[in-house]
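Reader: Could you take me through one part of this model in detail? I would like to look closely at the pockets and at what surrounds them.

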Amino acid sequence: MIETERLILRKPRPSDHEALFAMWADPEMMADLGPVKDAAMSEATLARHDCHRHEGLGFLTVERKSDWAVIGFCGLKRGDPQHPIAGEIEAGWMIARPYWRQGYALEAMRAVMAWGWESFDAPRIVAITAERNRASQGVMSRLGMTRLADGDFDHHAFAPGDPLRKIVTYSINRP
């Protein structure tokens, strides 16, 4: 568990599924992230993140302290084998639409990255997003990450011509 001034970041529980699944089923939420997910796809997403827990990685539920609302999903995982960042520690986050533009992603990820530096000896942490996802790139910049000049690639899960296929990579070196 990681705690910040306003948030608790913890391993997902079954009681989180309704809020997380609603986030992944929201077309506006997923517009720059990937396909809208049904319940089975959402379960698969959680299972994929559980595969990283044996080494202390995996995304966490973001819970707001003021009302215990589940507002997002964030953390660290290994970069997918099909990507140029394969095996590296990759940061990622999603905050549900009602909680956008309130600093929650930045607050959560600053805490996650501080924990990551303390817990792992990786030389850097990376993050990827669709080239068109300016909001996530803004969070990456505010986290102190910089775009890698040689980090652009085509995401294998998106068809040629899909606007989400073009991916950019950001990184931050160990402080």
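Author: Start with the largest pocket of this predicted model. Its volume is about 960 Å³. The lining is made by 35 residues. Which of them are the closest to the centre? They are Leu-33, Lys-37, Arg-48, Lys-77 and His-155. Find these five in the structure, and you have found the middle of the pocket.

Now see which elements build the wall. Helix α3 gives two or more residues to this lining. So much for one helix; α5 (134-142) also gives two or more. Three strands do too: β4 (70-78), β5 (89-95) and β6 (124-130). The largest share comes from β5, with five residues. Sort the lining by class, and you get 18 nonpolar, 11 polar and six charged residues.

Next, the second largest pocket. About 520 Å³ of space lies in it. Here 21 residues form the lining. Closest to the centre are Trp-93, Trp-100, Ala-135, Ser-136 and Val-139. Four elements each supply at least two lining residues: α2 (27-30), β5, α4 (104-119) and α5. Which element gives the largest share of this lining? That is α5, with four residues. By class, the lining has 13 nonpolar, four polar and four charged residues. Strand β5 supplies residues to the largest pocket and to the second largest pocket. Helix α5 does so as well, in the largest pocket and in the second largest.

Go back to α3, one of the elements lining the largest pocket. This helix covers residues 39-50. Its axis and that of helix α1 (residues 17-24) come within 10 Å. How do the two helices cross? The angle is roughly 110 degrees. Angles of 65 to 115 degrees count as roughly perpendicular, and α1 and α3 are therefore roughly perpendicular to each other. On the α1 side, the contact is made by His-17, Leu-20, Phe-21 and Trp-24. On the α3 side, Ala-39, Ser-42, Glu-43, Thr-45 and Leu-46 take part. These contact residues divide into five nonpolar, three polar and one charged.

Two of the α1 contact residues deserve another look: Phe-21 and Trp-24. The model has five aromatic pairs. Phe-21 and Trp-24 form one of them, a tilted pair. Their ring centres are 6.2 Å apart, with 35 degrees between the planes. Why are they about one helical turn apart? Because Phe-21 and Trp-24 are three residues apart in helix α1.

Methods: Residues are numbered from 1 along each chain as its sequence is written. This is a predicted model: local features need pLDDT of at least 70, side-chain atom pairs count only at pLDDT 80 or more; totals for chains, interfaces and linings use all residues. Side-chain values use heavy atoms; hydrogens and water are left out. Axes are lines fitted to C-alpha atoms, for helices over the stretch in contact, and angles run from 0 to 180 degrees between N-to-C directions. Angles under 35 degrees count as roughly parallel, over 145 as roughly antiparallel, 65 to 115 as roughly perpendicular and the rest as oblique. Contact means heavy atoms within 4.5 Å. Ala, Val, Leu, Ile, Met, Phe, Trp, Tyr, Cys and Pro count as nonpolar, Asp, Glu, Lys and Arg as charged, and the others, Gly among them, as polar. On a 1 Å grid over the protein atoms alone, a cavity is a set of points where a 1.4 Å probe fits but cannot get out, and a pocket is an open set with protein on both sides within 12 Å along at least five of seven lines; lining residues have an atom within 4 Å of a point. Grid points are joined across faces, edges and corners, and a volume is the space filled by probe spheres set on the points. Rings of Phe, Tyr and Trp (its six-membered ring) pair if their centres lie within 6.5 Å; planes under 30 degrees apart count as stacked, over 60 as edge-to-face and the rest as tilted.
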